[in-house]
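Reader: I am new to reading protein models, and I would like to go through this one slowly, with a reason given at each step. Could we begin by looking at the sequence and the structure together?

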Amino acid sequence: MNRAVPTPAALMPDPGIIVLGVSLVLVGLIAISSASIEYAQINYNSTSFHTKRHLIYMVVAGIASIAVYRIPLEFWEETGWIWLFAALGLLILVLIPGVGREVNGSQRWLPLGPFTLQPSEFAKLAMIVYLAGYMVRREHEVRHQWQGFLKPMAVLFAATLLLMVEPDFGATVIVAGSAFGMLFLAGVKLGHFLVVLAGALGALLVLVVSEPYRVKRLTAYTDPWADPYDTGFQLTQSLIAFGRGEWFGVGLGNSVQKLFYLPEAHTDFVFSIWAEETGFIGALTVILLYAALIGRVLWVGRAAQLANYPFGAYLCYGIALVFSGQAFVNMGVSSGLLPTKGLTLPFVSYGGTSLIICCVMLALVLRVDCQVRLSGGRS
């Protein structure tokens, strides 16, 4: 199939995807501005410290997204292995004593002057791009032979091992889950898939029981009120925030739980503060925005597959899996549906690397949509 290479003047992004993405980014700006006021005042002597930094991240994310959108998909397909090696290099670099920054017992950040880079976020994108290209190049092997399935599993093992050393259990689950999902959608043999999946779940169970703090989080999740001032503290405070929100919330800026009752109010538990201030209606609105965005991304992926753009299709599927997985885990943790685990809410939680990578992922989806439309694959 002859693939049309669009000119910059012909690149007309899908307005639906842009509206949904921008809406979530604006929700994040509002939620972070409200949730971080007291924390910023105490720690940085400025109530707008995190808001100003987040605005800078938004500008950088916008510039990066425009740049990525203008690059043809063929570039990413051909250079996927480069990005993978770069991600693995960063994951190794962050573990070097004196180079990576340690916060709360985890060494996950690389200091870059006044800002920091979180390699695990970049690793999610690099893994998706690499696997999408690999599954196109090795389609027959992936679908019919063991080695076609085991080769990416070896790469995935290396990445997850580095993530667990940090440790970053949340990122490990998202990277592994997205990779398995992409390989399943690529058509691997069900027997091969189930055997490896069973092994991965067994390894996951071992990882959980091997660390006492993970076991404590699991037991606290089953009954957080049994120890509300220690192991169940975060979850009980989050549930109180949800309860105070009722139908329409207590009003923007009026949250009580952000007054140092709920740790990490502007990062991992920003959804709890949003639910407290905007209520069930506000929380449901965010959930619907995610559902609409993920559905749209999957729809673009399906259109790419029908138009014989397998790389674009796998790219969209992987991005949809990351968005849906992170959103589900973050909201599930804050509402008590899942054990407590630090993981950002895409587009919404405070964090420059997370926001930039999420926007770049969305730009890739827009590029896939554009090239499919220009090739005549979509009306």
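What follows is a set of questions and answers about this predicted model.

Reader: Which two residues touch the most other members of the largest nonpolar core?

Author: In soluble globular proteins, nonpolar side chains tend to be buried together. In this predicted model, the largest nonpolar core holds 103 residues, and helix α12, covering residues 270-306, contributes the largest share of them, 15 residues. The members of that core that touch the most others are Leu315 and Phe347.

Reader: Which residues is Leu315 in contact with, leaving aside its neighbours within four places in sequence?

Author: Leu315 is one of the two residues that touch the most other members of the largest core, and its contacts are listed here without the neighbours within four places in sequence. With those set aside, the residues in contact with Leu315 are Leu73, Ile128, Val129, Ala132, Leu364 and Val368.

Reader: Which element gives the most to the lining of the largest pocket?

Author: The largest pocket encloses about 1200 Å³ of space, and of the 39 residues that line it, Val103, Asn104, Trp109, Glu264 and Thr267 are the closest to its centre. Several elements each supply at least two residues of this lining, among them the helices α2, α5, α10 and α14 and the strands β1 and β2. With four residues, the element that gives the most is α3.

Reader: How many charged residues are there in the lining of the second largest pocket?

Author: The second largest pocket, with about 540 Å³ of space, is lined by 19 residues, and those nearest its centre are Thr160, Ala176, Phe180, Ala200 and Ala203. Helices α7, α8 and α9 each supply at least two lining residues, and α9 gives the most, with eight. While the lining of the largest pocket has 13 nonpolar, 16 polar and ten charged residues, the lining of the second largest pocket divides into 16 nonpolar residues, three polar residues and, for charged residues, none.

Reader: Is Ser354 buried or exposed?

Author: Ser354 is found in helix α14, and, not counting residues up to four places away in sequence, this serine touches Glu121 and Thr344. A residue is called buried when its relative accessible area is under 20%. Because the relative accessibility of Ser354 is 3%, this residue counts as buried.

Reader: How many residues apart are Arg296 and Asp14?

Author: Side chains of opposite charge can pair when their charged atoms come close. Arg296 and Asp14 form a salt bridge in which the closest N and O atoms are 2.5 Å apart, Arg296 being partly exposed at 28% relative accessible area and Asp14 being buried at 4%. Arg296 lies in helix α12 and Asp14 in the segment before α1, so that the pair links distant parts of the chain, and the separation in sequence is 282 residues.

Reader: Which helix holds both Arg143 and Glu139?

Author: The side chains of Arg143 and Glu139 meet in a salt bridge, with N and O 3.4 Å apart. Arg143 is partly exposed, with a relative accessible area of 30%, and Glu139 is partly exposed as well, with 37%. The two residues are four residues apart, about one turn of the helix, and the helix that holds both is α6.

Reader: What is the relative accessible area of Glu276?

Author: Glu276 meets Arg244 in a salt bridge with an N to O distance of 2.4 Å, and this pair joins helix α12 to helix α11 across 32 residues. Arg244 counts as partly exposed at 33% relative accessibility. Glu276, by contrast, is buried, and its relative accessible area is 0%.

Reader: Where is the place of Pro167?

Author: The peptide bond that runs from Glu166 to Pro167 is cis, with omega near -5°. As for its position along the chain, Pro167 is placed in the loop between α7 and α8.

Reader: Is Asn45 buried or exposed?

Author: Asn45 is placed in the loop between α2 and α3, and this residue has a positive phi of about 55° although it is not a glycine. A residue counts as exposed when its relative accessible area is over 50%. Because Asn45 has a relative accessibility of 64%, this residue counts as exposed.

Conventions. Residues are numbered from 1 along each chain as its sequence is written. This is a predicted model: local features need pLDDT of at least 70, side-chain atom pairs count only at pLDDT 80 or more; totals for chains, interfaces and linings use all residues. Side-chain values use heavy atoms; hydrogens and water are left out. A nonpolar core is a set of buried Ala, Val, Leu, Ile, Met, Phe, Trp, Tyr and Cys residues joined through side-chain atoms within 4.5 Å. Buried means under 20% relative accessible area, exposed over 50%, partly exposed in between (1.4 Å probe, protein chains only). Contact means heavy atoms within 4.5 Å. On a 1 Å grid over the protein atoms alone, a cavity is a set of points where a 1.4 Å probe fits but cannot get out, and a pocket is an open set with protein on both sides within 12 Å along at least five of seven lines; lining residues have an atom within 4 Å of a point. Grid points are joined across faces, edges and corners, and a volume is the space filled by probe spheres set on the points. Ala, Val, Leu, Ile, Met, Phe, Trp, Tyr, Cys and Pro count as nonpolar, Asp, Glu, Lys and Arg as charged, and the others, Gly among them, as polar. A salt bridge is a side-chain nitrogen of Lys or Arg within 4 Å of a carboxyl oxygen of Asp or Glu.
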